[in-house]
Amino acid sequence: AMRGVLSCLLWTSTAGEAMQVIGAGFGRTGTNSLRLALNQLGYKTYHMEEAIPNGHLPAWAKLYRPEGGTDPAAAEAVLNIIADAGYNASVDFPISSLYKEQLQRNPEALVILSLRSDAATWADSFVDTIGRPEFSEAGAKFPMSVLLPGINHTNRWMFERAGFADALKITKEEAAKVYEE
């Protein structure tokens with residue numbers, strides 16, 4: 001029982017800004033529109049659009065474990081980076097993949113689950129954009145590995161965390177199944 005209490009205390013003692021709004025929806029569910037709306041309401045919203053230009057991908061890449069799962073210390077570190085940067089709202093991949101950890105750290109936060117009209121519509125959008133296998137493969141090779149360091153392992157971690165068997169072989173059928181689960 002004491003270990004659970006210590007774990008809870010570790011997760012809820014955060015540096016920086018507290019997350020007030022947590023977006024739990026997958027990317028391609030209107031997360032950019034939600035980001036813009038939250039920003040207009042005065043929030044500073046973390047989205048993949050923030051991760052890339054702020055150089056956060058190498059920190060996200062550390063969450064990836066070839067054997068599966070998530071490195072808890074790396075998750076804590078990346079959430080601290082985001083809190084220290086003053087973000088108080090979050091949406092989109094990769095941060096939506098840590099919605100449970102964010103809620104443990106910020107139990108008073110509001111949680112928004114953004115959805116598409118149906119799984120097939122989401123799967124089409126996902127596989128045609130961020131879930132394209134060639135995009136994930138390109139992240140491991142030059143020049144993407146230099147231009148966006150960490151993108152390969154970040155994508156592999158967030159897609160595997162979402163429930164995909166292999167981030168390099170995503171089909172529309174599998175995407176629809178993952179979305180429904």
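# A tour from the aromatic cluster outwards

Begin by selecting F26, F93, W122, F126, F159, F164 and Y179, which together form one aromatic cluster; rings of Phe, Tyr and Trp (its six-membered ring) are taken to pair if their centres lie within 6.5 Å, with planes under 30 degrees apart counting as stacked, over 60 as edge-to-face and the rest as tilted. The model is predicted, so that local features need pLDDT of at least 70 and side-chain atom pairs count only at pLDDT 80 or more, whereas totals for chains, interfaces and linings use all residues. Residues are numbered from 1 along each chain as its sequence is written, and side-chain values use heavy atoms, with hydrogens and water left out.

**The stacked pair**

A search of the whole structure finds 13 aromatic pairs. One of them, to be selected next, is W122 with Y179, a stacked pair with 5.0 Å centre to centre and 20° between the planes. This pair links distant parts of the chain, since W122 belongs to helix α7 and Y179 to helix α11, 57 residues apart; helices (H or I, at least four residues) and strands (E, at least two) are DSSP runs, numbered from the N terminus. W122 is buried, with a relative accessible area of 0%, and Y179, at 16% relative accessibility, also counts as buried. Here buried means under 20% relative accessible area, exposed over 50%, and partly exposed in between, as found with a 1.4 Å probe on protein chains only.

**Along α11 to V178**

Stay in helix α11 and select V178, which is buried with a relative accessible area of 5%. Leaving aside residues up to four places away in sequence, V178 touches F26, A162, G163 and F164, where contact means heavy atoms within 4.5 Å. A distance drawn between the C-alpha atoms of V178 and A119 comes to 8.6 Å, although these residues are 59 apart along the chain.

**Helix α10 and its surroundings**

Next, select residues 151-162, which make up helix α10: its 12 residues reach 16 Å from the first C-alpha to the last, close to the 16 Å expected at 1.5 Å a residue, where the expected span is 1.5 Å times one less than the number of residues. Colour I151, N152, T154, N155, W157, M158, F159 and A162, the buried residues within α10. An α-helix has 3.6 residues a turn, so residues three or four places apart point the same way. To see what covers the buried residues of α10, display α3 (48-51), α4 (57-61), α7 (119-128), α8 (133-138), α9 (144-147) and α11 (172-180), which are included in that cover. Just after α10, pause at G163, which takes a positive phi of about 120°.

**Strand β3 and the loop that follows**

Move now to S90, placed in strand β3 (residues 89-90) and buried, with a relative accessible area of 0%. Not counting residues up to four places away in sequence, S90 touches M19, V21, I22, G23, T45, Y46, I95 and Q102.

In the loop between β3 and α6, select D92, which has a positive phi of about 80° although it is not a glycine, and which counts as buried at 8% relative accessibility. P94 is found in the loop between β3 and α6 as well, and the peptide bond leading to P94 from F93 is cis, with omega near 0°.

**Two further backbone stops**

A cis peptide bond also joins F142 and P143, with omega about 5°; look for P143 in the loop between α8 and α9. Then go to the loop between β1 (21-23) and α2 (31-40), where R28 is placed. R28 has a positive phi of about 75° although it is not a glycine, and this residue is partly exposed, with a relative accessible area of 33%.

**The cavity**

Finish with the interior space: the structure holds one cavity of 30 Å³ or more, and about 80 Å³ of space lies in the largest cavity. A cavity is a set of points, on a 1 Å grid over the protein atoms alone, where a 1.4 Å probe fits but cannot get out, and lining residues have an atom within 4 Å of a point. Select M19, L79, A83, R105 and N106, which lie nearest the centre of the largest cavity among the 10 residues that line it. Helices α5 (72-84) and α6 (99-105) each supply at least two residues of this lining, and the largest share, three residues, comes from α5.

Conventions:
On a 1 Å grid over the protein atoms alone, a cavity is a set of points where a 1.4 Å probe fits but cannot get out, and a pocket is an open set with protein on both sides within 12 Å along at least five of seven lines; lining residues have an atom within 4 Å of a point. Grid points are joined across faces, edges and corners, and a volume is the space filled by probe spheres set on the points.
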